[in-house]
Amino acid sequence: MKEKNFITPHFVVIFLSGIILLSGCTSNTKPIHFEKPLFTFAFLTDVHVQPERQAMEGFSKAIDMVNKLNPDFVLTGGDGIYDALGKTYERSDSLYRIYDSLQKRFNMPVYNTMGNHEVFGLYEKSGVLPSHPEYGKQMFENRIGKRYYSFDRDNWHFMVLDDIGFTDHRTYYGHVDSVQMQWIRDDLIKLDSNTNIVISAHIPFETVFINHFLKNQGVNDSIILVTNGGDVLNLFENKNLKLVLQGHTHILEDVFIDGIHFVTGGAVSAHWWRGPNFSTEEGFLLVKVYKDSFTYEYIDLQWEVLPDPDI
């Protein structure tokens, strides 16, 4: 369990400005909050549930741990299933059914974010035509809910974004479309400058994953980073954006820049249910939220990889 403590803007500027916390790092900082948090929530990303690899059992264990911790709500970071991109309708349909049946076991509300692996039939190898009624993001919207939306909790405003774009060659990349950009503008108009804002998105807006872990080895940045992330973040100028929660890379990472924490929340599945991904174990974030600050812990699922009878 790794705990990070973010108390006041003054504290952050002096001690954290420019610091990047990567997976496997630990903090000796002890919380100095004496008041109770306004609310708590769990952030679970990259579950990758499937019938194989004991993924259903692993997700069930995560749900049990969350229910025991009893946060006020659950926020997911995308890729709840594995995988609809290149699979048939029957396989994709079954994965969505599994995920939906399991998520109903949470004892609190669940707010879902869309990931790339929830896009149905995008890859040509799926054999799915774009004319299919559930092609692309429609299956997610039909089975899970809206791709982007917002909700409020006390003086905190949560914006769940869809940052999965499609290329002309039926592949995905990190991108927020123009219709959604206008929705963000319209949503922000309602907020004053003191409202604390949290974004949840799947593909990261900021990360050092490519440089640190992949050593710049010819990786396509557009599938790791939101290509128009700067334009999106510019919409939050003069607003109080505090936290951007991210998934996709399966690492625990905190990039602090311009007063914003970009926290990549590890992965419930870690290395796709094959053990740690780099040094990030299977797990999720427990976030405690105060009037103008937050703390988080990475909760280790303590998952033991078992021999897979399906292999």
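Y82 sits in the loop between β4 and α3 (89–103), where helices (H or I, at least four residues) and strands (E, at least two) are DSSP runs numbered from the N terminus. The model is a predicted one, so local features need pLDDT of at least 70 and side-chain atom pairs count only at pLDDT 80 or more, while totals for chains, interfaces and linings use all residues. Residues are numbered from 1 along each chain as its sequence is written, and side-chain values use heavy atoms, with hydrogens and water left out.

With a relative accessibility of 29%, Y82 counts as partly exposed; this class lies between buried (under 20% relative accessible area) and exposed (over 50%), with a 1.4 Å probe and protein chains only. Setting aside neighbours within four places in sequence, Y82 is in contact with H48, V49, Q50, R91, L95, H117 and W272, contact meaning heavy atoms within 4.5 Å. One of these partners, L95, is 13 residues away along the chain, and its C-alpha atom is separated from that of Y82 by 7.3 Å.

L95 is also one of the buried residues of α3, alongside S92, D93, Y96, I98, Y99, L102 and Q103. The cover over these buried residues includes α2, β4, β5 and α4. How does the span of α3 agree with the value expected for its 15 residues? At 1.5 Å a residue the helix should span 21 Å, and its end C-alpha atoms are indeed 21 Å apart; the expected span is 1.5 Å times one less than the number of residues.

Several α3 residues meet F59, which touches Y99, L102 and Q103 as well as L44, V47, V49, F106 and W273, not counting residues up to four places away in sequence. F59 belongs to the largest nonpolar core, of 59 residues, in which L44, F59, I184, F205 and F236 touch the most other members. Such a core is a set of buried Ala, Val, Leu, Ile, Met, Phe, Trp, Tyr and Cys residues joined through side-chain atoms within 4.5 Å.

Turning to charged pairs, a search of the whole structure finds 11 salt bridges, each being a side-chain nitrogen of Lys or Arg within 4 Å of a carboxyl oxygen of Asp or Glu. In one of them, R153 pairs with D72, the closest N and O atoms being 3.1 Å apart. Because R153 lies in strand β6 (residues 149–153) and D72 in the loop between α2 (55–69) and β4 (73–76), this pair ties together parts that are 81 residues apart in sequence. R153 is partly exposed, at 30% relative accessible area, and D72 is partly exposed with 30%.

K137 forms a salt bridge with D162, with closest N and O atoms 2.7 Å apart. K137 lies in the loop between β5 (110–111) and α4 (138–143) and D162 in the loop between β7 (156–160) and β8 (164–166), so the bridge ties together parts that are 25 residues apart in sequence. K137 is buried at 12%, and D162 is buried at 1%. A network of salt bridges links D93, R97, E134 and R143; within it, the closest N and O atoms of E134 and R143 are 2.8 Å apart.

Finally, T207 lies in the loop between β10 (196–200) and α6 (209–212) and is buried, with a relative accessible area of 14%. Its side chain makes a polar contact with the side chain of E253 (2.8 Å), and a polar atom of the T207 side chain lies 3.0 Å from the backbone nitrogen of F209. A polar contact is a pair of N or O atoms within 3.5 Å; within protein, one must be able to donate a hydrogen and the other to accept it, and residues adjacent in sequence count only if both atoms are side-chain atoms.
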